[in-house]
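Got your viewer open? Let's take a walk through this one, stop by stop, selecting as we go.

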Amino acid sequence: MANSQAVFNPHNLIGGTWKPGSGEHIQSVNPANPDDLVAELSQADNQDISRAIEEARMAQQEWWSLGIIKRGIILRSVADLLSERRQELAELMTREQGKTLAESLGEVDGSAETIRYHAASSRNPMGKTYPSSFPGEHIEQVRQALGVVGIITPWNFPTQIPSWKIAPALLWGNTVVWKPASDIPAISSEFARAFHDAGVPAGVLNMILASGRSASKLIESPEINGISFTGSVPVGQMIARTATARGAKVQLELGGHNAAIVMPDVDPQFAAAQLLVGAMSGTGQKCTATRRIITVGDIHQDFVAEFKKQVESLKLGSGMDPTTTTGPVISERAKMEIEAAVNDAVSEGGKIVAQASIPSESGFYFPPTVIEGTMEIRTCREEVFGPVTTLMNVSSLEEAIEIANATEFGLTASIFSASDSDIQRATEELQAGLIKINAPNTGSELHVPFGGLKDSTFPGPREQNSESVAEFYTNTKSVYRRVAPRRNT
């Protein structure tokens, strides 16, 4: 890999060969220093995407024939390469995406661990057996790969989300056409390079650096048997309509407008510290981030005072500076969208109660911001993908749960309380696929099923957990076998 200030010229990985695209010319820049050009390239066009799909189709049967244990061994080699290259990959991630180096190192390590986890599951049982009403009959369920899978991933976790999807897809014998977000071509290319260099056969993993518009080619292709997508609700709903209409399997992880409830019996300093992580880590650019904080009863003022102090102590700057706690947002456009949402919230009656300082140097910096308001303001009606959270105060847990659920999303929710009965009620009544108790909304374990409810997901198998992903990335067959008598000769 080139040094940290090099300009990358990433190519598409198609059929085991690195090929320049034939489409639009684009660049990526360092969000902390827009004068630092990270990558420039020509994106893939529809013809490039068609070639990638065809290469994946031709490679699939041979990849399946290797057997799951051999595929797992190859994936372990991928994980080992990611670990060997962790520092270079993390520095490139920070330079192109903007998160702090500590966050990037953690993500690379988590990506390698995710791939190892799925590789290890290659030795798990592959199916089930069932009893039969007929003596001597054997009934078993077996799994077979879908075929070719299209994977579309966002920019906020450049290697972790692709690891969640690509590793199990390959393990179960599928071949993949992967389209990462166009904001992060350099780190995406280097991530794909680890698979290539580790010996994943030609055509098994294909990466196309293409625009979002070009992704429709993947979604519509009859050769794509399944699609796994993480991104916005409108795009996800379009994928679901298009792909399911032609019989493809669909896995969608979409947006969130996640609430945290703070009860009056909990230490406000503790709750504030946990929710600082939930709302502001990763510069708030997480679908699981805490977007609304609902205090109950008389803890409100103490919590606000503590949360304000902690938010205003955040240090914004380049992610390469070890003293930085919060990096820039991904782009100038993202910064402007967040700023517009906060301005609208204030004009609608919201009040800014805390805001960190931004550095004087150039960069796509938006100050971590806390707004006090109601469900009527924009930051409570829409997912604002940045370091912004809204505070509200109610008199009862019942009202807090009602407000927490008053959104089309249902990804994460949390409650801070020392009362078992309050925790039990919140666990039962909060409408979210992931519920945290006395912990930030963000973060999940790779071996636990991950997914939301309502518009945050698409009904079907979850991500991460090995059993859940097997359900998505394979088809099952039920086989009834009886012994035939031999012919007399």
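## Stop one: a helix with two sides

Start by selecting helix α13, residues 397-404, where L397, A400, I401, I403 and A404 are buried. Keep in mind that you're looking at a predicted model. Now turn the view until you look straight down the axis of α13: the buried residues fall within an arc of 165°, so they line one face of the helix. There's a simple rule behind patterns like this: an α-helix has 3.6 residues a turn, so residues three or four places apart point the same way.

What sits on the face of α13 turned away from the buried side? Colour E398 and E402 to find out: both are exposed, and that is the face that carries them.

Next, bring up the neighbours. The buried residues of α13 are covered by elements that include β12, β13 (290-296), β16 (388-394), β18 and α14 (420-429). We'll follow one of these, β18, to the next stop.

## Stop two: an enclosed strand

Select β18, which is residues 412-416. How many of its five residues are buried? Five of the five, so β18 is largely enclosed by the rest of the structure.

Show the side chains here. T412, S414 and F416 point one way from β18, while A413 and I415 point the other way, and all are buried. That matches the general habit: in a regular strand the side chains alternate between the two faces of the sheet.

Now add the strands that pair with β18. Select β12 (258-262): β12 and β18 run parallel and are joined by four bridges. To see one of the pairings, pick V262, whose bridge partner in β18 is F416. Then select β19, residues 434-437, which also pairs with β18 in the parallel sense, over four bridges. Here, try S414: its bridge partner in β19 is K436.

## Stop three: two closed spaces

Time to look for gaps. Rolling a probe the size of a water molecule over the atoms shows where empty space is left. Two cavities of 30 Å³ or more turn up in this model.

The largest cavity has a volume of about 80 Å³. Of the 15 residues lining it, select R292, A404, F409, T412 and Q431, which lie nearest its centre. You've met two of those names already: A404 is among the buried residues of α13, and T412 is one of the buried residues of β18. The elements giving two or more residues to this lining are β12, β17 (409-410) and β18. By class, the lining has seven nonpolar, seven polar and one charged residues.

For the second largest cavity, with about 30 Å³ of space, select I26, L41, Q43, P180, S182, P185, L209 and A210, which line it. Six of these lining residues are nonpolar and two are polar, with no charged residues.

## Stop four: the pockets

Which residues are closest to the centre of the largest pocket? Select P154, W155, G231, S232 and R333, and you'll have them, out of 43 that line it. The space in this pocket comes to about 1300 Å³. Add α7 (216-220), β10 (226-230), α8 (233-245) and α11 (332-347) to the view: each supplies at least two residues of the lining. Colour the lining by class and you'll see 22 nonpolar, 11 polar and 10 charged residues.

Move on to the second largest pocket, with a volume of about 340 Å³. Select F157, Q160, W164, G443 and S444, the closest to its centre among 19 lining residues. The elements that give two or more residues to this lining are α4 (101-120) and α5 (160-171), and α5 has the largest share, with three residues. The classes here are six nonpolar, 10 polar and three charged.

## Last stop: two backbone oddities

Most residues other than glycine have a negative phi, and most peptide bonds are trans. Select N438, in the loop between β19 and β20 (453-454): its phi is near 55°, a positive value in a residue other than glycine. N438 is partly exposed, with a relative accessible area of 25%.

Finish with K454, found in strand β20. K454 also isn't a glycine, yet has a positive phi of about 55°. Its relative accessibility is 35%, so K454 counts as partly exposed.

Key:
Residues numbered from 1 in each chain as written. Predicted model: local features only at pLDDT ≥ 70, side-chain atom pairs only at ≥ 80, totals over all residues. Heavy atoms only, no water. 1 Å grid on protein atoms, 1.4 Å probe; cavity = no way out; pocket = protein on both sides within 12 Å on 5 of 7 lines; lining within 4 Å. Points joined across faces, edges and corners; volume = space filled by probe spheres on them. Nonpolar A, V, L, I, M, F, W, Y, C, P; charged D, E, K, R; others polar. Buried < 20%, exposed > 50% of the residue type's maximum accessible area, 1.4 Å probe, protein only. Arc of directions from axis to C-beta. Contact = heavy atoms within 4.5 Å. Pairing = 2+ DSSP bridges.
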